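Okay, thanks for making time, everyone. I'll put the structure up and then walk you through a few parts of it.

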Amino acid sequence: MIASSSPLLRLSGLSKSFGPVIAVEKLDLDVAAGDFCAILGPSGCGKSTLLRMIAGFIEPSTGSIAIDGLDVTRLGPEKRPTNMVFQSYGLFPHLTVAQNIGFGLALGKRPREEIAQRVDEALRLVRLDTFGDRTIDRLSGGQQQRVALARALIMRPKVLLLDEPLAALDLKLRHQMQEELRRIHREIGGTFIFVTHDQSEAFGLANLVAVMNQGRIEQIGSPAEIYLHPKTLFVADFVGETTLLDGERRNGRVRLKAGIEFDDKGRDGAVRVVVRPERVAIRPDGLAAVVTDAVFFGSSLKVSLRLPSDETLILRSSAPDAAEDYKTGTRLTVGWDAHDQQVINLP
Amino acid sequence: MKHHFNLFLVPALAVLMGVFAIPVVLLFAVSFWSVKNFKLQPDFTFAAWQRFIGVYGDLTLYTLMIGLATGLLCTVLGFVFAYAARFKAGRFGDLLLVATLITLFGGYLVKIYAWKSILGADGLMNQALMALGVTDQPLAFLIYSRGAVIVALVHFLLPFAILPIYASLRNVSETTIEAARDLGASGAQVLTRVIIPQSLSGLFSAFAFSFLLAAGDYVTPMLLGGTSGSMLGQFVLLEFSTNFNWPAGSALSFGLLFACLILMALIAGLSAWIMRPPRGAPS
């Protein structure tokens, strides 16, 4: 978690309602300089609204936005030290690649030589060195994405905002662009915030992830924290593959329907236990289970197990001879380490 | 494949040649002919063209000026209307457009007579001005003047300007506008550097439509122009009918046509020059 005394970007009590519809509930978020922050959530969760509030396109209903200690809540997008890479790029079709990238600097009436030099730098940064004179309609989707990125980066924004930056690209390009974004972030050391609905994208790029659902931030943390210690059922379910097991806590002891119990402090009542598939393994002292299905994914084998409680537990094994161990119908005992499980109280 | 397409084009080409190209070329040839005893005679003389330049030179310039004024007014007003319909009216944008189309149903003469009754000596405008005490007798210059012709032409031609501009504004993506603002563009800069450059083709066709239709008109100046607001079109009609001077009528028509084309080429060149990429942008 970030605990910096003066974060680069601070959202306090920020919310947005459109009439009676609450798009973003009151939230606080701190992003430190140099962070690569992902806002992760399903479509319609308010993540794009949040990003557009930071960019200045949507005026928040309550709360404030401060960048570098300066309140920018009432400033329009043209006055904020942020720049955005739009999902549909929004490149200017009447200008060349170089003119697109130099657009912001030309507005600022910078000297011609400085603009030309910085455009060259930006083109090199996104590896489009020889594309300056092309028109936009002669670029592929991936190249357009790079131009949009260069056009925003050339302004040296304090915060770079990216709206679903990779959504419009095909799978291979997406991986490539992901690498590029990591490299560029490393090279220029900027602060990036991006919105995505794809958790692999969020984990692959960000060092700070905010998971959003129905206008609320459910959890903020490093990818590892989010993955291994989800605080809410939504996070556990939305992020990665997971098994949720029913149980109940009485006097600091949790008893699972599936048949095991362990000590866990907290209030009495119904709980769910979150277990990640790759943390589950065959153990002599574990739960009795029957293999109902096994699917080979190349790098690992995904095994579905039926527990005595009729719940399904998912196990992932990357052992080379896993297929031998998990034939359908095999009876075995499985378990996991106590620190690999996360207990979530049900409301 | 290509060969087949060429064959399919033949009928259309034949129609175009037969009803358009050949008659136009013939009419152009007539401008070098002569008339003797009310009979058209093949000839090769520049008499008709001399008449066009000598007698109608000034009038051609006035006609072009009226066309230019009408074209520019229609383009500017059309842009304002289309801009509002596209960006400010939300879901009422299309409704506004339908409203402009409805004004076309009214017909052309009706509008001219409407302006006659507004601008006439005992018309609405003069009555209102007198009631307000601005003037104590009707202002004569309101009607039968170049101004009256331009007002009526703009009223009639505005929808023809709005439609192409609206069509081109529809193609301006909102993301490009947001991107420009994000990069620091003020409202005026968004307009001049993002919206207008992307709608140049629409603006130009709007201007071309209204300019050509206005410059070639002869009914409006006949009914509203009086003596000071005459236009060349009226004299094309005069030469062809009353004077039975077909060569002169032809020379007038083609003279006006060429003058219009030259003017439009100048305007196109000028607007391309004005809209060249932002200062300081790398080429």
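So, let's begin with helix α5 of chain A, residues 171–188. Keep in mind that this is a predicted model. How far apart should the ends of α5(A) be? The helix has 18 residues, and at 1.5 Å a residue the expected span is 26 Å. In the model, the end C-alpha atoms are 26 Å apart, so the two agree.

Now, which residues of α5(A) are buried? They are Arg174(A), Met177(A), Leu181(A) and Ile184(A). These four cover an arc of only 85 degrees around the axis, so they sit on the same side of α5(A). Turn to the other side of the helix and you get exposed residues: Lys172(A), Glu179(A), Arg183(A), Arg186(A) and Glu187(A). And what covers the buried ones? The cover includes three helices of chain A, namely α3, α4 (141–153) and α6 (199–205). Right after α5(A) ends, you'll find Gly189(A), with a positive phi of about 60 degrees.

Keep going along the chain and you reach strand β8 of chain A, residues 191–196. Is β8(A) mostly enclosed or mostly open? Six of its six residues are buried, so the rest of the structure largely encloses this strand. In a regular strand, side chains alternate between the two faces of the sheet. Here, Thr191(A), Ile193(A) and Val195(A) point one way from β8(A), while Phe192(A), Phe194(A) and Thr196(A) point the other way. Both sets are buried.

What pairs with β8(A)? Strand β3 of chain A, residues 36–40, runs parallel to β8(A) and is joined to it by five bridges. If you want a pair to click on, Phe36(A) has Phe192(A) as its bridge partner in β8(A). Strand β7 of chain A, residues 159–163, also runs parallel to β8(A), again with five bridges. There, look for Val159(A), which stands opposite Thr191(A) in β8(A).

Let's zoom out to chain A as a whole. Its secondary structure adds up to nine helices and 19 strands. The chain is divided into domain 1, residues 9–231, and domain 2, residues 241–345. Taken over C-alpha atoms, the centres of those two domains are 39 Å apart. The C-alpha atoms of chain A fill a box of roughly 75 × 45 × 35 Å along the principal axes. Of the 347 residues in chain A, 42% are buried. And if you take contacts in chain A between residues at least 6 apart in sequence, 65% of them join residues at least 24 apart.

Chain B, then. Here we have twelve helices and two strands. From the N terminus, chain B opens with a helix, then come the two strands, and after that it's helices to the end. Its C-alpha box is roughly 75 × 75 × 40 Å along the principal axes, and 35% of its 283 residues are buried.

Last stop: where do the two chains meet? On the chain A side, 29 residues are in contact with 21 residues of chain B. Three elements of chain A give two or more residues to that side: β6 (82–85), α2 (97–107) and α3 (112–125). Which of them gives the most? That's α2(A), with seven residues. By class, the chain A side has 16 nonpolar, nine polar and four charged residues. You may remember α3(A) from earlier, as part of what covers the buried residues of α5(A).

Note on methods. Residues numbered from 1 in each chain as written. Chains lettered and ligands numbered in written order. Predicted model: local features only at pLDDT ≥ 70, side-chain atom pairs only at ≥ 80, totals over all residues. Contact = placed C-beta atoms within 7 Å. Nonpolar A, V, L, I, M, F, W, Y, C, P; charged D, E, K, R; others polar. Domains from an automatic or database assignment. Buried ≥ 20, exposed ≤ 12 C-beta atoms within 10 Å, placed from the backbone. Expected span 1.5 Å × (residues − 1). Arc of directions from axis to C-beta. Pairing = 2+ DSSP bridges.
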